[in-house]
Amino acid sequence: MSPDIIPARSKAEWPSLRSATSLYYDIKASYRFNRQRKGRKMKIYLFRHGETDWNKERRLQGQSDIPLNDYGRALAEETAAALSGISFDKAFCSPLRRAAETAEIIAGKSSHSLFPIADERLMEIHFGQYEGHTFDDMKQKDPSHPLHNFFCRPDCYIPPAGAESIQETCSRAQSFLRERILPLEGLCDNVLLVAHGAFNRCMLSVVGNIPLKRFWQISLPNCAASILSLEGGCFTVLEESRVYCQNSVNGTP
């Protein structure tokens with residue numbers, strides 16, 4: 001089973017790129033018109049995908065399409081079992097295989113099975129030519145490496161040619177929330193999203209006004225969930241990271 005893919009808009013159509021703080025205030029303003037909508041608080045379960053071999057080898061995955069390994073599938077199955085009492089009304093995922101398969105496993109064990117909808121805006125941040133490289137070298141051995149600041153000073157990160165900035169990824173997250181999630185308020189109680197480590201931190205930065213200096217202080221192991229709420233047109237971070245399996249891995253780079 002493979003999810004339907006909703007194409008991403010071109011970068012020219014995304015909101016202009018600003019800091020995560022500015023995006024936070026934009027998203028609050030955009031949702032203010034919806035405050036009068038009635039209904040219960042909607043919960044959004046934003047999961048990171050299960051483990052891959054590149055996670056295990058500490059390699060940058062970015063938008064490279066790396067599948068889950070056996071342990072990653074086991075994590076997803078264990079997580080799905082723990083969530084079996086939750087009825088998801090909608091499910092969205094990144095089209096990359098590791099996220100799509102995780103979404104299929106979790107959505108398939110919901111109290112009523114769902115068919116996840118893939119949206120390219122949920123893809124991981126793009127690292128260009130550095131995808132597949134081990135990040136220990138970038139983080140520790142070579143401060144002049146173009147991706148060193150991504151791990152050590154994310155608020156100062158300038159992407160190399162062909163790569164994507166944190167602000168661009170935050171802009172994708174903002175666009176997705178505005179266009180795909182906001183209209184579901186009053187129609188859904190629980191929504192499942194499955195994406196990626198850096199992308200999920202970007203979404204948390206947008207919704208929670210979390211400064212980029214804290215980007216890597218949020219531990220998001222494979223199959224960890226960040227739980228958001230939507231009420232009266234306003235998004236709130238309820239939990240930054242919740243793990244539903246016993247032996248979590250790869251929480252931080």
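How many bridges join β3 to strand β4, and in which direction do the two strands run? Two bridges join β3 to β4 (residues 117-119), and the strands run parallel.

## About the model

Welcome to a predicted model, in which local features need pLDDT of at least 70 and side-chain atom pairs count only at pLDDT 80 or more, while totals for chains, interfaces and linings use all residues. Residues are numbered from 1 along each chain as its sequence is written, and side-chain values use heavy atoms, with hydrogens and water left out.

## The chain as a whole

The chain has eight helices and seven strands; these are DSSP runs numbered from the N terminus, with helices being H or I of at least four residues and strands E of at least two. Of its 253 residues, 54% are buried, where buried means under 20% relative accessible area, exposed over 50%, and partly exposed in between (1.4 Å probe, protein chains only).

Among contacts (heavy atoms within 4.5 Å) between residues at least 6 apart in sequence, 78% join residues at least 24 apart.

## Strand pairing

Strands count as paired if DSSP finds at least two bridges between them. Besides its pairing with β4, strand β3 (residues 90-93) is joined to β5 by four bridges, again in parallel. Here is one position from each pairing: K90 stands opposite V191 in β5, and F92 stands opposite I117 in β4.

## Two nonpolar cores

A nonpolar core here is a set of buried Ala, Val, Leu, Ile, Met, Phe, Trp, Tyr and Cys residues joined through side-chain atoms within 4.5 Å. The largest one has 26 residues, and M42, I44, F92, I181, V191, L193 and M203 touch the most other members. Elements giving two or more residues to this core are β2 (42-48), α7 (166-181), β5 (190-195), α8 (197-208) and β6 (225-231). A second, separate core of 25 residues includes I86, A91, A118 and L192.

Leaving aside neighbours within four places in sequence, M42 is in contact with I181, L184, E185, C188, D189, V191, L228, S229 and L230. One of these partners, C188, is buried because its relative accessible area is 6%.

## E57 and the cysteines

E57 sits in the loop between α2 (53-56) and α3 (70-82). Its relative accessible area is 42%, so E57 counts as partly exposed. The side chains of E57 and R59 share a polar contact of 3.0 Å, meaning a pair of N or O atoms within 3.5 Å; within protein, one must be able to donate a hydrogen and the other to accept it, and residues adjacent in sequence count only if both atoms are side-chain atoms. E57 and H133 are 76 residues apart in sequence, with 9.7 Å between their C-alpha atoms.

The structure holds zero disulfides, a disulfide being a pair of cysteine sulfur atoms within 2.5 Å. C156 is partly exposed, at 29% relative accessibility.
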